[in-house]
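Me: I'd like to go through this fold and ask, for each label, what earns it. Shall we take the terms as they come up?

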Amino acid sequence: MQENVTAKYFNQAYAQEQTIKELNTPRKYTDIELTEIENYIRKVFGKNGNLAVAVAKGECRGLNPNCRNVSRIEHSICQFQINLKAHHDKVPGQNLQEKETWLMNAQNCTLVAKIIYDESGFYPW
């Protein structure tokens, strides 16, 4: 049942006409926005929602979708630190910048995290 919900949200995200724009400065999220991100993570992850929120908070010292960790061994983006070197095929976009921008949307990041979780549990984190 949960997989069908994830597929539905993921297909909606792909279908949206999203404008890819360059991010000059990461913005700060309000407490209300962070609460909305938390609620969305809980909704997508269902019974594992609280653990998923804890993982996201731990990955980025909060729920910051603009969080980046780029090094020789990884290229991780968003509150779940999705490593594009390992999961590039799960993220839409023609190039790295488009993939990064897409992942910096908290909902998109959560959907990709759920797909990774469905494949491997919380092991990748």
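Reply: Sure, and surface comes first: accessible areas are from the Shrake-Rupley method with a 1.4 Å probe, and for residues only the protein chains shown count as cover. By that method the protein chain exposes about 7,600 Å², with carbon and sulfur atoms supplying 48% of it. This is a predicted model, where local features need pLDDT of at least 70 and side-chain atom pairs count only at pLDDT 80 or more, while totals for chains, interfaces and linings use all residues. Numbering runs from 1 along each chain as its sequence is written, and side-chain values use heavy atoms, with hydrogens and water left out.

Me: How many helices and strands does the protein chain have, and what makes a stretch count as one?

Reply: There are 6 helices and 3 strands, in the pattern α-α-α-β-β-β-α-α-α along the sequence. Helices are DSSP runs of H or I with at least four residues, strands are runs of E with at least two, and numbering starts at the N terminus.

Me: How do you know that the length of α3 agrees with a helix?

Reply: The expected span is 1.5 Å times one less than the number of residues. For the 12 residues of α3 (residues 49–60) that gives 16 Å, and the end C-alpha atoms are 17 Å apart, so the two agree.

Me: Which residues of α3 are called buried?

Reply: G49, A52, V53, V55, A56 and C60. Buried means under 20% relative accessible area, exposed means over 50%, and partly exposed is in between (1.4 Å probe, protein chains only). The buried residues of α3 cover an arc of only 160° around the axis, so they sit on the same side of the helix; the arc is taken from the directions from the helix axis to the C-beta atoms. N50 and G58 are exposed on the other side of α3.

Me: What do the buried residues of α3 pack against?

Reply: They pack against α2 (31–45), where a contact means heavy atoms within 4.5 Å.

Me: Why are β1 and β3 edge strands?

Reply: The open sheet has 3 strands in the order β1-β2-β3, with antiparallel pairing. β1 (68–70) and β3 (82–83) each have a single partner strand, so one side of each lacks a neighbour in the sheet. Two strands pair if DSSP finds at least two bridges between them, and 3 bridges join β1 to β2 (residues 75–77). In β2, I77 is the bridge partner of R68.
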